[in-house]
Amino acid sequence: MALAFDPPVHHFFADGVYVRQMFIPAGVALVGHIHKRSCVNFVLGEIEVATEEGKKRIVGPITFASPAGVKRAGYAIRDTLWTTIHANPDNEND
């Protein structure tokens with residue numbers, strides 16, 4: 001039986017920017033949300049990710065951009081901290 005895992009997510013706001021940070025323990029599989037806009041990602045750790053282009057192993061520290069409309073599923077090989085940076089032109093914080 002699989003157990004549900006709700007990863008701890010931290011939210012940070014600056015003028016025009018929203019940052020979302022998630023800790024994924026080693027051995028955890030998860031599925032992300034579809035991002036409506038492109039964003040920048042910072043990854044520390046090691047995670048195997050299924051994408052539209054196939055399976056990729058991401059070993060951090062690494063920074064990369066993701067286009068809008070991307071959805072990923074992953075399996076953390078090592079404890080992983082995944083941070084996404086999003087434009088927030090209306091400075092919304094909810």
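Buried means under 20% relative accessible area, exposed means over 50%, and partly exposed lies in between, with a 1.4 Å probe and protein chains only. By that rule Glu 46 is buried, at a relative accessible area of 13%. Let us use this residue as our way into the structure.

The model is predicted, so local features need pLDDT of at least 70 and side-chain atom pairs count only at pLDDT 80 or more, while totals for chains, interfaces and linings use all residues. Residues are numbered from 1 along each chain as its sequence is written, and side-chain values use heavy atoms, with hydrogens and water left out.

**Salt bridges around Glu 46**

A salt bridge here is a side-chain nitrogen of Lys or Arg within 4 Å of a carboxyl oxygen of Asp or Glu. The count by this rule is 5 salt bridges. Three of them, including two made by Glu 46, are set out below.

| Acidic partner | Basic partner | N to O distance |
|---|---|---|
| Glu 46 | Arg 57 | 2.9 Å |
| Glu 46 | Arg 78 | 3.3 Å |
| Glu 53 | Lys 56 | 3.8 Å |

Strands and helices are DSSP runs numbered from the N terminus (E, at least two residues, for strands; H or I, at least four, for helices). Arg 57 forms its salt bridge with Glu 46. This pair links distant parts of the chain, with Arg 57 in strand β6 (residues 54–59) and Glu 46 in strand β5 (residues 46–51), 11 residues apart. Arg 57 counts as partly exposed, at 46% relative accessibility.

Glu 46 also meets Arg 78 in a salt bridge. Here 32 residues separate the partners, and Arg 78 sits in the loop between β8 (73–76) and β9 (80–87). Arg 78 is partly exposed too, at 40% relative accessibility.

What about the salt bridge of Glu 53 and Lys 56? Glu 53 is exposed, with 60% relative accessibility, whereas Lys 56 is partly exposed at 41%. Salt bridges with shared partners join Glu 46, Glu 48, Lys 55, Arg 57 and Arg 78 into one network.

**The sheet that holds β5 and β6**

Two strands pair if DSSP finds at least two bridges between them. An open sheet of 4 strands follows the order β3-β8-β5-β6, and its pairing is antiparallel. Its edge strands are β3 (29–31) and β6, each of which pairs on one side only. From one strand to the next the twist averages 20 degrees; axes are lines fitted to C-alpha atoms (for helices, over the stretch in contact), and angles run from 0 to 180 degrees between N-to-C directions.

Strands β5 and β8 run antiparallel and are joined by 4 bridges. Within this sheet, Ile 47 has Ala 76 in β8 as its bridge partner. In a regular strand, side chains alternate between the two faces of the sheet.

**The β1–β2 hairpin and Asn 88**

Strand β1 (residues 9–14) and strand β2 (residues 17–24) run antiparallel, joined by 6 bridges. His 11 stands opposite Arg 20 in β2. The hairpin of β1 and β2 has 2 residues between the strands, and Gly 16 takes a positive phi near 80 degrees there.

Which residues does Asn 88 contact, leaving aside its neighbours within four places in sequence? With contact meaning heavy atoms within 4.5 Å, they are Phe 13, Gly 16, Val 17 and Tyr 18. Asn 88 lies in the segment after β9 and is buried, at a relative accessible area of 10%. A polar atom of its side chain lies 2.8 Å from the backbone oxygen of Glu 92.

**Aromatic pairs**

Rings of Phe, Tyr and Trp (its six-membered ring) pair if their centres lie within 6.5 Å; planes under 30 degrees apart count as stacked, over 60 as edge-to-face and the rest as tilted. Searching the whole structure gives 2 aromatic pairs. Phe 13 and Tyr 18 are stacked, with 5.2 Å from centre to centre and 25 degrees between the planes. Phe 13 is partly exposed at 43% relative accessibility, while Tyr 18 is buried at 18%.

Phe 64 and Trp 82 form an edge-to-face pair, because their planes stand at 85 degrees, with ring centres 6.0 Å apart. The pair links distant parts of the chain: Phe 64 is in strand β7 (residues 62–66) and Trp 82 in strand β9, 18 residues apart. Trp 82 is buried, with a relative accessible area of 10%.

Definitions and conventions: Polar contact = N/O pair within 3.5 Å; in protein donor to acceptor, adjacent residues only side chain to side chain.
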